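User: I'm new to this one, so please pick a single part, take a close look at it, and then show me how the rest connects to it. Keep it relaxed, and go step by step.

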Amino acid sequence: MEALGGYPSKPSSSRARVVSLLLTAALCISSLYLLHTRLSRNRNHADFYSFQVKDTKGRSVSLEKYRGKVSLVVNVASHSEQTEQNYRDLQELHRALGSTHFTVLAFPCAQYGDTEPGMGRDAEAFARSNYAVTFPFFSMIKIMGSEAEPAFRFLTDSVRQIPKWNFWKFLVSAEGQVVRVWRPDEPMEEIRKEATALVREIILKKRHEL
């Protein structure tokens, strides 16, 4: 736009300041919103047991029901080279430590080759019929990528490691914090030792509270 006489008009300095202030305010509001969202998410999901997942029938399940127990969370598969040994070892551990203070939580995942071709209910049926497992199973999940199961992402973020194959094992305390993670080739005896120690802590704490 040109002013009278053919000379270009100069933008108002006050208008420029107003625009600048509005942009700054918008950026501040956006930053505060993102911070609030992040803090709210952290408050809502401060530990593993604060999440909800799906069972093998597609129903929502609150992991809150396992609070107060030690959990061994495992990404399982029906047709992996480690399937038989791991299911037998996991069931033995689940049986030995009892369901009062300890549980294995199985999450089938199909992101590692063709080792889990079915649905969550298929993985559960396979494990129960072939290895007589009694621990809980959940729906098929993703571990890698943007669609990763939030509850499992909490585990991987806690240890800063993402499973590279089936049967990674995350030991979760009674308070829902990740204590340690093991790869599938690591000895079950070490897992049993640390899980047993956490279970003993729960039992001793309860005795002192009586």
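Analyst:
**Strand 5 and what surrounds it**

Let's start with strand 5 and strand 6 (residues 178-182), which pair in the antiparallel sense over 4 bridges. One thing to keep in mind as we go: this is a predicted model. Strand 5 itself covers residues 169-172. Across the pairing, V172 faces V178 of strand 6. The two strands form a hairpin with 5 residues between them, and in this hairpin G176 takes a positive phi near 90 degrees.

Now look at which way the side chains go. K169 and L171 point one way from strand 5, F170 and V172 point the other way, and all of them are buried. V172 and V178 turn up together again in a nonpolar core of 24 residues, which also includes Y49 and A151. Keep that core in mind, as we'll come back to its neighbourhood.

Next, cross over to another partner. Strand 5 also pairs with strand 3, running antiparallel to it, and 4 bridges join the two. Here V73 stands opposite F170 in strand 5. So far, then, strand 5 has pairings with strand 6 and with strand 3.

Strand 3 deserves a stop of its own. It spans residues 70-76, and 7 of its 7 residues are buried, so it is largely enclosed by the rest of the structure. You can see this on both faces: V70, L72, V74 and V76 are buried on one side, and S71, V73 and N75 are buried on the other. V73, the residue opposite F170, therefore counts as buried, being under the 20% cut-off for relative accessible area.

What does strand 3 pair with in the parallel sense? That would be strand 4, over 7 bridges. One of the matches is V70 with F102, its bridge partner in strand 4. Between these two strands the chain goes by way of helix 2 (residues 83-97), and strand 3, helix 2 and strand 4 make a right-handed β-α-β unit.

This unit leads us to the largest nonpolar core, which has 27 residues; L72, Y87, L90, F102, F135 and F137 have the most contacts inside it. Strand 3, helix 2, strand 4, helix 3 (120-131) and helix 5 each supply at least two of its residues. Helix 5 gives the most, with 6 residues. The core of 24 residues with V172 and V178 is separate from this one.

Zoom in on F137 for a moment. Not counting residues up to four places away in sequence, F137 touches D55, T56, V76, Y87, A106, P108, A123, E124, A127 and R128. V76 in that list is one of the buried residues of strand 3. F137 also belongs to a cluster in which ring pairs link Y87, F126, Y131, F135, F137 and F167.

Helix 5 (residues 188-209) is worth a look too, and R192 lies in it. R192 has a relative accessible area of 24%, so it is partly exposed rather than buried, with the cut-off for buried being under 20%. Leaving aside neighbours within four places in sequence, R192 is in contact with E92, L93 and A96. R192 and L90 are 102 residues apart in sequence, yet 9.6 Å apart in space, C-alpha to C-alpha.

Back to aromatic rings, this time in the whole structure, where a search finds 11 aromatic pairs. One of them joins F48 and Y49: the ring centres are 5.8 Å apart and the planes sit at 65 degrees, so this pair is edge-to-face. F48 and Y49 are both buried, and Y49 is in the core of 24 residues we met with V172. Another pair is F107 and F152, with centres 5.9 Å apart and planes at 75 degrees, so that one is edge-to-face as well. It links distant parts of the chain: F107 is in strand 4 (residues 102-108), F152 is in helix 4 (residues 150-159), and 45 residues separate them. F107 has 1% relative accessibility, so it counts as buried. F152 counts as buried too, at 1% relative accessibility.

Finally, step back. The protein has 5 helices and 6 strands, following the pattern α-β-β-β-α-β-α-α-β-β-α along the sequence. Buried residues make up 40% of its 210 residues. Among contacts between residues at least 6 apart in sequence, 63% join residues at least 24 apart.

Methods:
Residues are numbered from 1 along each chain as its sequence is written. This is a predicted model: local features need pLDDT of at least 70, side-chain atom pairs count only at pLDDT 80 or more; totals for chains, interfaces and linings use all residues. Side-chain values use heavy atoms; hydrogens and water are left out. Buried means under 20% relative accessible area, exposed over 50%, partly exposed in between (1.4 Å probe, protein chains only). Contact means heavy atoms within 4.5 Å. Rings of Phe, Tyr and Trp (its six-membered ring) pair if their centres lie within 6.5 Å; planes under 30 degrees apart count as stacked, over 60 as edge-to-face and the rest as tilted. Two strands pair if DSSP finds at least two bridges between them. A crossover is right-handed if, with the strands pointing away from the viewer, the path from the first strand over the helix to the second runs clockwise. A nonpolar core is a set of buried Ala, Val, Leu, Ile, Met, Phe, Trp, Tyr and Cys residues joined through side-chain atoms within 4.5 Å.
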